[in-house]
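Here is a friendly walk through one model, strand by strand and then around its ligand. Have the viewer open as you read.

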Amino acid sequence: MAFLRAHVATILKQMKHMGIKISLAHNDDAAAIAEMSRQLIEGGLPWSWTESRVRHYVRDRDSAVIVARDGRRLAGFAIMEFHDEHAHLNLLAVRPGYRNHGVGSALVRWLESSARMAGVFDIDLELRATNDMARRFYEKLGYSPAGSRTRYYAGVEDALRMTRNLSMVAVPPSGQTQ
Ligand SMILES: CC(C)(COP(=O)(O)OP(=O)(O)OC[C@H]1O[C@@H](n2cnc3c(N)ncnc32)[C@H](O)[C@@H]1OP(=O)(O)O)[C@@H](O)C(=O)NCCC(=O)NCCS
């Protein structure tokens, strides 16, 4: 388990030098997270990740809601749900001004480390089938397309499903997963 702690510590250090800290979200973050979901993820769809829904996940012991903070401002967030055999990445977003600096990767790696520590090695997620940007991002992080779900979003938009198995992923001493 020591190498996993080292891995998370390295990620946190990388973010720290940018002045960004990753931590578990508080109840008070729910409104900002819900608003980011509405603007950055659910655009054009009915708003489903409302403040009360996010609050539920913040309290849920089988879920992790994490935030990347730049001072008091949220730079990004992610929500993962842990099941017995797999973990599901529900949401991930980084504000435009903070993108392409590793914040999204750091959030995903943080959650992957948590999954490993919980003995869960299969991660899955869905994204809007039209979201090429996010598909390329997840592919860079080692996720592979695993089929689609027709009209998954509000009965109108298809989803692409992507998965990653962590059991064969090496975590070198530097803490950078491949
Ligand atoms: C997808 C998203 C979370 C990525 O966050 P980010 O902080 O910019 O990602 P990172 O900086 O960690 O990028 C990691 C890698 O992905 C690549 N990447 C990021 N955005 C990319 C894009 N638009 N096209 C191609 N590659 C991209 C980066 O170049 C980087 O590769 P590198 O390590 O070789 O340089 C962010 O763009 C976002 O919030 N998008 C809107 C919400 C969304 O689509 N969420 C996902 C579905 S729920």
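Ser23 has Val67 of strand E2 as its bridge partner. That pair belongs to the junction of E1 and E2 (residues 63-70), two antiparallel strands joined by five bridges. Please keep in mind that this is a predicted model.

Stepping back, E1 and E2 are part of an open, mixed sheet of seven strands in the order E1-E2-E3-E4-E5-E7-E6. Strand E1 (20-24) and strand E6 (144-153) are at the edges with a single partner strand each, so each has one side without a neighbour in the sheet. From one strand to the next, the twist averages 25°.

The protein chain also has five helices beside its seven strands, and along the sequence the pattern reads α-β-α-α-β-β-β-α-β-α-β-β. One of the helices, H4, lies across E1, E2, E3, E4 and E5, running at about 30° to E3. Of the 178 residues, 31% count as buried. Among contacts between residues at least 6 apart in sequence, 58% join residues at least 24 apart.

Now to the ligand: which residues are the closest to it? They are Arg99, Gly104, Ser105, Met133 and Ala134, out of 20 that surround the ligand. The elements below each give two or more residues to that shell.

| Element | Residues |
|---|---|
| Helix H2 | 30-41 |
| Strand E4 | 86-94 |
| Helix H4 | 103-117 |
| Helix H5 | 132-140 |

H5 supplies the largest share, five residues. By character, the shell divides into 11 nonpolar, six polar and three charged residues.

Technical notes. Residues numbered from 1 in each chain as written. Predicted model: local features only at pLDDT ≥ 70, side-chain atom pairs only at ≥ 80, totals over all residues. Near = placed C-beta within 6 Å. Helix = DSSP H or I, 4+ residues; strand = E, 2+ residues; numbered from the N terminus. Nonpolar A, V, L, I, M, F, W, Y, C, P; charged D, E, K, R; others polar. Buried ≥ 20, exposed ≤ 12 C-beta atoms within 10 Å, placed from the backbone. Contact = placed C-beta atoms within 7 Å. Pairing = 2+ DSSP bridges. Axes fitted to C-alpha atoms, helices over the stretch in contact; angles between N-to-C directions.
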